[in-house]
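Welcome, and thanks for taking a look at this one with us. Here is a short briefing to read alongside the model.

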Amino acid sequence: MNIKTQIKILLDESFGSDGLVDADRVNAVCDYIQQTFPDDKKISALKRYLRALLPELSRENVLIETSGKIDSETLAQLKNFAYRQTSRKNLRFNEKIDESLLGGVRITCADTIWEVSAADALKSIL
């Protein structure tokens, strides 16, 4: 079995029953690579595994930035928006206040950004 196939199998083993990357499973995969791969292949295998893992992590993390504190109902609506737009059921949400948004919101998931803010509107005018 070639290393590409091995890394694919190990990546598949990195997900928990909820469909998210599981830290304990990632740890176990890294331990497995350390224990079973030949010394001259360990670093290469770990690098390949990391390259395969990073896009998966970015697809399940969502950053919700707002210009100020928002209530739980608004936050729930923003989360529902992210679920609908990404078609993913398992997402991890982080919240951040960014006063430069000037009364708006920015939602970032992997390479996709949804933004509605006065600052964004001003950029389009200038």
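What percentage of the 126 residues of the protein count as buried? The figure is 29%. Please keep in mind that this is a predicted model. The points below go from the overall fold to a charged patch and then to one buried leucine.

**Overall fold and dimensions**
- The protein contains five helices and four strands.
- Their order along the sequence is α-α-α-β-α-β-β-β-α.
- The radius of gyration is 19 Å, whereas a compact globule of 126 residues would have one near 14 Å.
- Along the principal axes, the C-alpha trace spans about 55 × 35 × 20 Å.

**A positive surface patch**
- K4, K47, R48 and R51 together form a positive patch on the surface.
- Helix 3, which covers residues 39-60, gives the most to this patch, with three residues.
- R48 sits in helix 3, and its relative accessibility is 33%.
- That value makes R48 partly exposed, because the partly exposed class lies between the buried limit of under 20% and the exposed limit of over 50%.

**A buried leucine in helix 4**
- L78 belongs to helix 4, which runs over residues 72-86.
- L78 counts as buried because its relative accessibility is 15%, and buried means under 20%.
- L78 and V105 are 27 residues apart along the chain, and their C-alpha atoms are separated by 9.1 Å.

Technical notes: Residues are numbered from 1 along each chain as its sequence is written. This is a predicted model: local features need pLDDT of at least 70, side-chain atom pairs count only at pLDDT 80 or more; totals for chains, interfaces and linings use all residues. Side-chain values use heavy atoms; hydrogens and water are left out. Patches are made of residues with over 30% relative accessible area and no salt bridge: like charges are joined within 9 Å, nonpolar side chains (Val, Leu, Ile, Met, Phe, Trp, Tyr) within 5 Å. Accessible areas come from the Shrake-Rupley method with a 1.4 Å probe; for residues, only the protein chains shown count as cover. A salt bridge is a side-chain nitrogen of Lys or Arg within 4 Å of a carboxyl oxygen of Asp or Glu. Lys and Arg count as positive and Asp and Glu as negative; His and the chain ends are not counted. The place of a charge is taken as NZ of Lys, CZ of Arg, CG of Asp or CD of Glu. Helices (H or I, at least four residues) and strands (E, at least two) are DSSP runs, numbered from the N terminus. Buried means under 20% relative accessible area, exposed over 50%, partly exposed in between (1.4 Å probe, protein chains only). The radius of gyration is taken over C-alpha atoms; the globule rule is 2.2 Å times the number of residues to the power 0.38.
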